[in-house]
Amino acid sequence: MSGIRFFLLIGLCLLVDLGYGQDFTGYIQPTVALNYKVTPFYSHNFAINSRNFWFKDEESTLKAKQLDLVHFSNLKLMDNQSVAFGVQYRFRSFIDTGENELRLTQQYNYTQKPFIVRFGQRFRTEQRITKSNTVHRFRYRFSVDFPLNGERIDIGEGYLVGNLESLLSIGKHINPEYDQRATLQLGWLLSNSIKFQVGTEYRLEDLTDGKAHILMFLSALNLSL
């Protein structure tokens, strides 16, 4: 339980800085993901998520922003190391006023599990391609997850996942942008092939040129074949 209190304290400290009057936006983002293991060392991940406003321009609202289609190919190098390559297409032009986006991702993931707590480090590079520009983004994420009952997650039991992520975006005709994200999610193992997670993510964007505060309510249904 001390781990739960630790992550709740982190989330509370981050949200203290959040103010509705200072460039605050709220989103709801549900996700459905399918994981398919081709071999013990190679797998695919397909996902679709929809991002919708619940707070914008200092008032509550319910409006769609974008729809994402995502695919990752994952190759396990060792039991605790993997690399992945991803392709994502973001539909926005027919939903909101933004541009559609093609995103290419390269990823390295490393995990450690000395006891019941698993620690993870993820490094990503991304190329975000739109009609007007190409932005290169570099990401580092530190994550912790652990079961809420016992030493492992059994069917019907819950678990907690916490992430801290730093991002740097650079590109032509734009200033470098630094972002920080903190995520806390509660999950349940519903069966051997189904997981369900709910949680929140707080984003502090564009730290060097006027902060933008974002609070997202997340849900994810993960299916495995």
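# Exercises on a predicted model

Asn52 lies in strand β2, which covers residues 42-56. The structure is a predicted model.

## Exercise 1. Surroundings of Asn52

Classify Asn52 as buried or exposed, and list its contacts.

Solution.
1. The relative accessible area of Asn52 is 17%.
2. The cut-off for buried is under 20%, so Asn52 is buried.
3. The side chain of Asn52 has a polar contact of 3.3 Å with the side chain of Ser50.
4. With neighbours within four places in sequence left aside, Asn52 touches Gly26, Tyr27, Ile28, Pro30, Lys63, Ala64 and Lys65.

## Exercise 2. Surroundings of Asp68

Find the side chain that makes a polar contact with Asp68, and state how accessible Asp68 is.

Solution.
1. Asp68 belongs to strand β3, residues 59-78.
2. Its relative accessible area is 2%, so Asp68 counts as buried.
3. The side chains of Asp68 and Arg90 are joined by a polar contact of 2.8 Å.
4. Arg90 also appears in the contact list of Asp68, which leaves aside neighbours within four places in sequence; the other entries are Ala47, Ile48, Asn49, Gln88 and Tyr89.

## Exercise 3. Salt bridges

Determine how many salt bridges the whole structure holds, and describe the Arg137 and Glu126 pair.

Solution.
1. A search of the whole structure gives 11 salt bridges.
2. In the pair Arg137 and Glu126, the closest N and O atoms are 2.8 Å apart.
3. This pair links distant parts of the chain, 11 residues apart: Arg137 is in strand β7 (residues 134-147) and Glu126 in strand β6 (residues 118-129).
4. Arg137 has a relative accessible area of 4% and is therefore buried.
5. Glu126 is at 1%, so Glu126 is buried too.
6. For another pair, Glu201 and Arg203, the closest N and O atoms are 2.5 Å apart, and both residues are buried.
7. Salt bridges with shared partners connect Arg122, Glu126, Arg137, Arg139 and Glu165 in one network.

Next, classify the two residues of the Arg152 and Asp154 salt bridge by accessibility.

Solution.
1. The N to O distance between the side chains of Arg152 and Asp154 is 3.1 Å.
2. Arg152 has a relative accessible area of 60%; the cut-off for exposed is over 50%, so Arg152 is exposed.
3. Asp154, at 29%, is partly exposed.

## Exercise 4. The nonpolar patch

Identify the residues of the nonpolar surface patch and the strands that each supply at least two of them.

Solution.
1. The patch is formed by Val87, Tyr89, Leu102, Leu104 and Ile129, with an area of about 340 Å².
2. β4 (81-91) and β5 (101-112) each contribute at least two of the patch residues.
3. Leu102 sits in strand β5.
4. The relative accessible area of Leu102 is 31%, which makes Leu102 partly exposed.
5. Patch residues need over 30% relative accessible area, so Leu102 passes that cut-off.

## Exercise 5. The whole chain

Give the secondary structure of the protein chain and decide how its radius of gyration compares with the globule rule.

Solution.
1. The chain has 1 helix and 11 strands, and its pattern along the sequence is α-β-β-β-β-β-β-β-β-β-β-β.
2. The radius of gyration is 18 Å, close to the 17 Å from the globule rule for 225 residues, so the chain is as compact as a globular protein of that length.
3. Along the principal axes, the C-alpha atoms fill a box of roughly 45 × 35 × 30 Å.
4. Buried residues make up 40% of the 225.
5. Among contacts with a separation of 6 or more, 47% are between residues 24 or more positions apart.
6. The accessible surface is about 12,900 Å², with 60% belonging to carbon and sulfur atoms.

Note on methods:
Residues numbered from 1 in each chain as written. Predicted model: local features only at pLDDT ≥ 70, side-chain atom pairs only at ≥ 80, totals over all residues. Heavy atoms only, no water. Patch = residues over 30% accessible without salt bridge, like charges linked within 9 Å, V, L, I, M, F, W, Y side chains within 5 Å. Areas by Shrake-Rupley, 256 points an atom, 1.4 Å probe, with all protein chains shown as cover. Salt bridge = Lys/Arg side-chain N within 4 Å of Asp/Glu carboxyl O. Helix = DSSP H or I, 4+ residues; strand = E, 2+ residues; numbered from the N terminus. Buried < 20%, exposed > 50% of the residue type's maximum accessible area, 1.4 Å probe, protein only. Rg over C-alpha atoms; globule rule 2.2 N^0.38 Å. Contact = heavy atoms within 4.5 Å. Polar contact = N/O pair within 3.5 Å; in protein donor to acceptor, adjacent residues only side chain to side chain.
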